[in-house]
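I opened this model to see how its parts meet. My notes follow in the order in which I looked things up.

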Amino acid sequence: MSLTDKTIAELRDGFRAGDFSAREIAEEFNAAVDAADALNAYLVKTPELALEAAEAADKARGSDSLKPLSGIPLGMKDLFATEGVLTSAGSKMLGNFLPPYESTVSANLKAAGAGMLGKLNMDEFAMGSSNETCAHGPVISPWRREGSNAAITPGGSSGGSASAVSARIAPGATGTDTGGSIRQPAAFTGICGIKPTYGRCSRWGIVSFASSLDQAGPMARTVRDCAIMLEAMCGFDPKDSTSLDVEVPQWEAGLSSDLKGKKVGIPREYRIDGTPGEINALWDQGVEWLRDAGAEPVEISLPHSKYALPTYYIIAPAEASSNLARYDGVRYGLREVVEGGGLHDMYKATRAEGFGDEVKRRIMIGTYVLSAGFYDAYFTKAQKVRALIKQDFRKAFEQCDMILTPTAPSAAFALGEKSDDPIAMYLNDVFAVPASLAGLPAMSVPGGVNGDGLPLGLHLIGNELDEQTVLNAGLAIEERAPSIELPKKWW
Amino acid sequence: MSDYVIKGQTGDWEVVIGLEIHAQVTSNAKLFSGAATAFGAEPNTQVSLVDAAMPGMLPVPNRECIRQAVRTGMAIDAQINRFSRFDRKNYFYADLPQGYQISQLYHPIVGEGEITVLVDEKDENSAKTIGVERIHLEQDAGKLMHDQHPTMSYVDLNRCGVALMEIVSKPDMRSPAEAGAYIRKLRSILRYVGSCDGNMEEGSMRADVNVSVRRPGEEFGTRTETKNVNSVRFVQQVIEYEAKRQVAAIEAGEEVVQETRLFNPDKGVTKPLRSKEDAHDYRYFPDPDLLPVELEDEFLAECRASLPELPDAKRKRYEDLGISVYNAAVLTAEVENARWFDRLLDAGADAVAASNWANSVLPGLLNAKEVAFDDPRNTPEVSAEILAMVDKGEISKGQAKEVFEYYLDSGDSPAKIVEDKGLKQTSDTGAIEAKVDEVLAANADKVQQYKDGKQALFGFFVGQTMKAMQGKANPQVVNQILRAKLDE
């Protein structure tokens with residue numbers, strides 16, 4: 001078995017046991033990354049950083065001063081500012097941007113001993129569900145429909161991360177989730193991904209999309225790997241006013257798939273017309289697996305969830321329209337100067353050239369919903385609905401400990417299949433968005449494959465700060481679901 | 001009631017004024033970043049990653065700025081809002097790196113308060129109370145420099161993100177004099193509280209001047225807002241100019257346009273900055289990077305406890321000590337002077353004599369020697385020592401001036417100066433009486449004339465006695481003895 005086929009836990013334990021060195025791990029992954037250009041997952045490769053961390057890990061092993069992620073190289077979504085390493089957020093606008101600072105989350109991982117394999121491709125400014133909005137070309141999923149060579153999307157926006165983990169060119173990767181950007185790609189590529197409670201991970205140094213929703217999280221092959229990474233990523237950060245000043249639990253040590261005494265809520269409103277039968281069938285199967293683990297299923301109601309998607313597509317673009325105003329060509333990034341033109345000509349030319357269509361679409365939607373005369377009808381109303389959605393969850397968690405839904409209403413689709421229809425694309429996040437609006441921890445774990453042999457995910461939502469229950473339920477599903485065979489290398 | 005009226009062709013008009021004062025908060029760091037705030041630093045040397053709006057940078061509120069705004073609110077008896085929030089005001093400009101200014105539109109930190117001003121410092125009856133609508137915190141912008149390059153403008157972000165308090169008055173002022181008194185009083189309060197240095201030349205205080213006109217007693221007219229006026233005199237010029245311009249426009253059958261204007265100090269006129277058609281839509285919304293500000297009892301208690309005695313209370317205390325309304329107003333206007341004067345009182349000086357000395361005598365003495373009031377030599381203790389000698393009759397008021405001048409030149413103590421220069425006047429009645437007797441004996445003819453009714457000769461005898469005493473006699477004692485001898 002190649003080292004790249006191992007999970008983070010296996011690599012960690014094998015490295016500690018002396019089965020192999022950190023250098024061997026880094027070298028194998030660096031080579032695998034180099035051999036996977038066809039996937040377009042990595043925008044920047046940093047083999048030297050992976051080796052540097054590996055050397056430190058090997059030394060630490062000698063001196064018995066190992067850190068939690070010593071010896072583990074990881075992929076970094078391009079939304080995280082990495083000091084001296086190109087950070088483009090998948091955009092032409094930041095095509096030349098070398099941050100003089102390191103994001104808190106990536107710094108936390110570094111401090112925990114992890115190395116960095118490179119920067120992972122993504123939808124531009126994390127806006128997209130298929131990785132087709134990236135300025136550097138789409139990421140290709142290692143998955144293919146049975147009997148077809150058509151390129152499949154890994155989902156988005158953390159598509160590079162999903163593709164890399166599923167293709168074993170990173171044992172784990174960081175993702176960010178604003179409205180499903182960790183969970184949907186995890187589901188599309190047969191891996192795990194968790195978005196923790198809003199405020200668990202510092203947003204400092206993560207290029208902002210929608211501040212009240214953005215949250216970092218890990219993407220990895222197993223629930224245990226997610227727990228390991230999440231522990232290293234989280235923690236209070238005084239540089240982020242919305243960071244939560246709470247202890248980081250030992251999630252890995254707390255893992256248990258025994259769900260006796262737990263109740264799993266099944267929201268009746270999530271039976272949406274038009275959802276494929278195989279999705280609903282998997283959902284039913286998921287309930288049975290959790291019951292088998294000792295949990296008691298209860299029907300719950302989340303009546304305002306049906307408004308979650310439109311609410312999200314008001315709030316997220318509104319915040320984005322303001323967050324992205326700083327990309328004006330004045331201080332860094334792209335600058336397009338019009339001969340003989342003034343400041344506003346520079347703004348127009350720079351932003352017309354630097355942003356892609358989807359980003360422009362969302363800036364326009366956001367500008368519209370915040371403008372005089374429309375603010376109350378859209379933005380204020382959306383904030384009120386958001387409060388009601390949160391209240392729904394609060395009530396639901398009086399009756400249950402976790403909620404189970406499908407992660408996405410379909411399996412991965414082919415590249416180009418939905419790119420002309422933004423609404424169809426947005427609908428992909430219908431199950432993911434309510435937990436984002438409520439700031440709750442939520443995870444996607446693989447549940448099986450569909451008729452085409454493409455993976456499907458199950459979605460677990462937990463109460464505020466209760467990542468442990470989400471991880472434990474995820475583990476229970478992981479133990480019972482048919483094991484996913486990741487695609488063999490064709491790239 | 002103000003008697004300031006604009007005489008139009010169709011009758012009298014009243015001017016209605018509201019002021020928005022932007023006061024830079026005294027603090028070592030900016031409102032949402034750790035960068036320093038020193039004035040006059042090299043361009044772009046006081047800029048953090050947050051101020052430059054680098055990708056992924058986040059604002060963190062500076063507790064000290066919030067504290068200063070709360071203390072300012074308490075100083076004008078305003079409602080302190082335990083819950084406030086920051087909003088984004090969105091617009092594009094090269095001096096605004098984020099593409100939005102963080103401000104407080106919907107939930108300001110301070111609500112309604114009031115400031116009482118004396119429109120005429122000499123007249124207690126000229127007091128007028130002017131309402132304050134709100135105080136909110138916001139970020140300052142950077143500065144563009146257009147003269148550094150032939151085709152481009154340069155940006156200096158040093159000021160970008162510095163905390164400002166926007167203090168919004170109600171439309172309660174009716175004359176340039178009232179507006180001037182309001183700004184001066186507000187500046188005085190801010191400096192007492194220590195929340196703003198009030199330095200208008202350096203831009204620490206700037207005013208947006210809202211002016212409209214109406215027939216007395218009628219509804220408010222349409223107002224104009226003249227931005228960024230940076231002296232009391234200019235504010236008053238803006239009011240006078242705008243009031244006349246608006247009256248002329250209305251009387252010519254035109255309408256006053258609600259617009260933003262700029263003042264040209266060289267020409268003394270205001271000009272439209274932009275018209276309503278291309279007015280900004282600022283798309284205010286709550287800043288999602290920041291949590292609401294919730295103030296706790298302990299914090300509020302500390303803010304209140306840290307407030308010094310404020311101008312009005314101090315003025316009242318001085319007046320209660322017998323100091324005149326005018327002197328009390330002048331002494332309390334500037335916090336440094338008031339603190340100096342308090343030390344003079346603490347050193348035991350008589351309040352009324354000290355107030356006359358500090359207001360009428362000392363400034364002239366300092367001016368003549370070109371010594372600043374805050375010169376380290378000008379200690380209240382020295383003045384107290386001199387005033388004590390006057391009080392005890394050891395030197396005259398005239399000699400007091402002399403002693404102070406010698407003191408400034410030599411640095412010697414007043415006691416030593418009096419000793420060395422032989423200035424000490426005598427109250428020794430025996431010695432004085434002897435000289436008086438000599439003077440009266442030598443001028444028997446004049447004594448007779450005095451007794452015959454030529455009272456004016458009294459001064460002559462005083463002068464002769466003082467001369468005989470080489471100027472060192474206590475004039476009061478001389479007077480007493482002379483009166484006794486001449487009127488017996």
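Entry 1, a single residue. The model is a predicted one, and I began with T46(A). Is T46(A) buried or exposed? I found a relative accessible area of 2%. T46(A) therefore counts as buried, the cut-off being under 20%. I placed T46(A) in the loop of chain A that runs between β1 (42–45) and α3 (47–62). Leaving out residues up to four places away in sequence, I listed V85(A), M116(A), L117(A) and G118(A) as what T46(A) touches. With M116(A) there is also a polar link: the side chain of T46(A) reaches the backbone oxygen of M116(A) at 2.8 Å.

Entry 2, the two chains. I next looked up the contact between chain B and chain A. How many residues does each chain give to it? I noted 39 residues from chain A and 32 residues from chain B. The two chains bury about 2,900 Å² between them, and 60% of that is on carbon and sulfur atoms. I searched for salt bridges across this interface and got one. R203(A) and D289(B) form it, with their closest N and O atoms 3.0 Å apart. For polar contacts between chain B and chain A, I wrote down 17 residue pairs. On the side of chain B that touches chain A, β4 (87–90) and β15 (285–286) of chain B each supply at least two residues. I sorted the residues of that side into 24 nonpolar, four polar and four charged.

Entry 3, inside chain B. The domain assignment splits chain B into domain 1 (6–299), domain 2 (309–420) and domain 3 (429–486). I took up domain 1 and domain 2 of chain B, whose C-alpha centres lie 37 Å apart. In chain B, 13 residues of domain 1 are in contact with 18 residues of domain 2. These two domains of chain B bury about 1,300 Å² between them, 53% of it on carbon and sulfur atoms. Which residues of domain 1 of chain B lose the most area to domain 2? I noted E121(B), R191(B) and Y192(B), together 50% of what that side buries.

Entry 4, the same domain pair, polar side. I counted five salt bridges across the interface of domain 1 and domain 2 of chain B. I also looked up E334(B), which forms a salt bridge with R187(B), the closest N and O atoms being 2.9 Å apart. The polar contacts across this domain interface come to eight residue pairs. On the domain 1 side, β6 (113–118) and α2 (176–193) of chain B each supply at least two residues. The largest share, seven residues, comes from α2(B). I sorted this side into five nonpolar, two polar and six charged residues.

Methods: Residues are numbered from 1 along each chain as its sequence is written. Chains are lettered from A and ligands numbered from 1 in the order in which they are written. This is a predicted model: local features need pLDDT of at least 70, side-chain atom pairs count only at pLDDT 80 or more; totals for chains, interfaces and linings use all residues. Side-chain values use heavy atoms; hydrogens and water are left out. Contact means heavy atoms within 4.5 Å. Buried area is the accessible area (1.4 Å probe) that two parts lose on being put together, summed over both. A salt bridge is a side-chain nitrogen of Lys or Arg within 4 Å of a carboxyl oxygen of Asp or Glu. A polar contact is a pair of N or O atoms within 3.5 Å; within protein, one must be able to donate a hydrogen and the other to accept it, and residues adjacent in sequence count only if both atoms are side-chain atoms. Helices (H or I, at least four residues) and strands (E, at least two) are DSSP runs, numbered from the N terminus. Ala, Val, Leu, Ile, Met, Phe, Trp, Tyr, Cys and Pro count as nonpolar, Asp, Glu, Lys and Arg as charged, and the others, Gly among them, as polar. Buried means under 20% relative accessible area, exposed over 50%, partly exposed in between (1.4 Å probe, protein chains only). Domain bounds come from an automatic or database domain assignment.
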